[in-house]
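Hi everyone, and thanks for coming. I'd like to walk you through a structure that is new to most of us, so do have it open in front of you.

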Amino acid sequence: MFRRLPEAESRPVIPFTFEGRPAEGRAGDSVAAAVLALGELACRETAISRTPRGPYCLMGVCFDCLMEIDGVPNRQACMVPLAPGMRVARQRGPRQPWP
Ligand code: FES
């Protein structure tokens, strides 16, 4: 459903983990864009019904892209630039307190 523009495919590879599995994005990707490019459409589950949600606006407005990034919950994945070694995971249900 989602694919990068051809010119973006030649950008440097950025390794990260998604749900504990090795993954690759491209320099310039947001975390949300990198996850979508993996073919993963859901990045969180709603707090009450646990319905899957995926990035919608990709510009910081809808908050449907909330993910756990490097152990920090409730991050807007569309607003966070992908960096090497990031640990990215779906946010499931209500966010847990963060120390
Ligand atoms: S996709 Fe809408 S805020 Fe991130």
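I'll start with the overall layout, then go through the sheet, the core and a few backbone details.

First, a word on what we are looking at: this is a predicted model. The mean pLDDT of the protein is 93, and 97% of the residues score at least 70. If we go element by element, strand S1 has the highest mean pLDDT, at 98, while strand S3, residues 44–45, has the lowest, at 92.

So what is in there? The protein has one helix and seven strands. Reading from the N terminus, you meet them in the order β-β-α-β-β-β-β-β. The radius of gyration is 13 Å, close to the 13 Å that the globule rule gives for 99 residues, so the protein is as compact as a globular protein of that length. Along the principal axes, the C-alpha atoms fill a box of roughly 40 × 25 × 20 Å. Buried residues make up 25% of the 99 residues. And if you take the contacts with a separation of 6 or more, 40% of them join residues 24 or more positions apart.

Now to the sheet. In which order do its strands lie? The order is S2-S1-S7-S5-S6, in an open sheet of five strands with mixed pairing. Strand S2, residues 21–26, and S6 are the edge strands, each pairing on one side only. From one strand to the next, the twist averages 40 degrees. As a general reminder, strands of a sheet pair through backbone hydrogen bonds, either parallel or antiparallel.

Let's cross the sheet from the S2 edge. Strand S1, residues 13–18, pairs with S2 in the antiparallel sense over six bridges. You can find this pairing on your screen by looking for Val13, which stands opposite Arg26 in S2, or for Ile14, whose bridge partner in S2 is Gly25. These two strands form a hairpin with two residues between them, and Glu19 in the turn has a positive phi of about 55 degrees.

One step along, S1 meets strand S7, residues 87–90, and here the pairing is parallel, over two bridges. Thr17 has Arg87 as its bridge partner in S7, and Phe18 stands opposite Val88 in S7.

Next, S7 pairs with S5 in the antiparallel sense, over three bridges. Glu68 and Ala89 in S7 are bridge partners here.

That brings us to the other edge. Strand S5, residues 66–69, and strand S6, residues 72–76, run antiparallel and are joined by three bridges. Leu66 has Gln76 as its partner in S6. This is a hairpin too, with two residues between the strands, and Asp70 in its turn has a positive phi of about 55 degrees.

Let's turn to the inside. Which parts of the chain supply the largest nonpolar core? That core has 17 residues, and those touching the most other members are Val31, Ala32, Val35, Cys65, Met67, Ala77 and Val88. S1, helix H1, which covers 31–37, and S5 each supply at least two core residues. The largest share, six residues, comes from H1.

Ala32 is a good place to zoom in. Leaving aside residues up to four places away in sequence, Ala32 touches Cys43, Pro55, Leu58, Cys65, Ala77 and Cys78. You'll recognise Val88 from the sheet as well: this core residue is the one that stands opposite Phe18.

Finally, some backbone details. Leu58, which we just met as a contact of Ala32, is found in the loop between strand S4, residues 52–53, and S5. Leu58 has a positive phi, near 55 degrees, although it is not a glycine. Is Leu58 buried, exposed or partly exposed? It is partly exposed, because 16 other C-beta atoms lie within 10 Å, and being buried would take 20 or more.

Asn74 is another residue other than glycine with a positive phi, near 65 degrees, but Asn74 is found in strand S6. With 15 other C-beta atoms within 10 Å, Asn74 is partly exposed.

To sum up, we have an open five-stranded sheet with mixed pairing, and a nonpolar core of 17 residues to which H1 gives the largest share. Thanks for listening!

Methods: Residues are numbered from 1 along each chain as its sequence is written. This is a predicted model: local features need pLDDT of at least 70, side-chain atom pairs count only at pLDDT 80 or more; totals for chains, interfaces and linings use all residues. Two strands pair if DSSP finds at least two bridges between them. Helices (H or I, at least four residues) and strands (E, at least two) are DSSP runs, numbered from the N terminus. A residue is buried if 20 or more other C-beta atoms lie within 10 Å of its own, exposed if 12 or fewer, and partly exposed in between; C-beta atoms are placed from the backbone. The radius of gyration is taken over C-alpha atoms; the globule rule is 2.2 Å times the number of residues to the power 0.38. Two residues are in contact if their C-beta atoms, placed from the backbone, lie within 7 Å. Axes are lines fitted to C-alpha atoms, for helices over the stretch in contact, and angles run from 0 to 180 degrees between N-to-C directions. A nonpolar core is a set of buried Ala, Val, Leu, Ile, Met, Phe, Trp, Tyr and Cys residues joined through C-beta atoms within 7 Å. pLDDT is the predictor's confidence in each residue, from 0 to 100.
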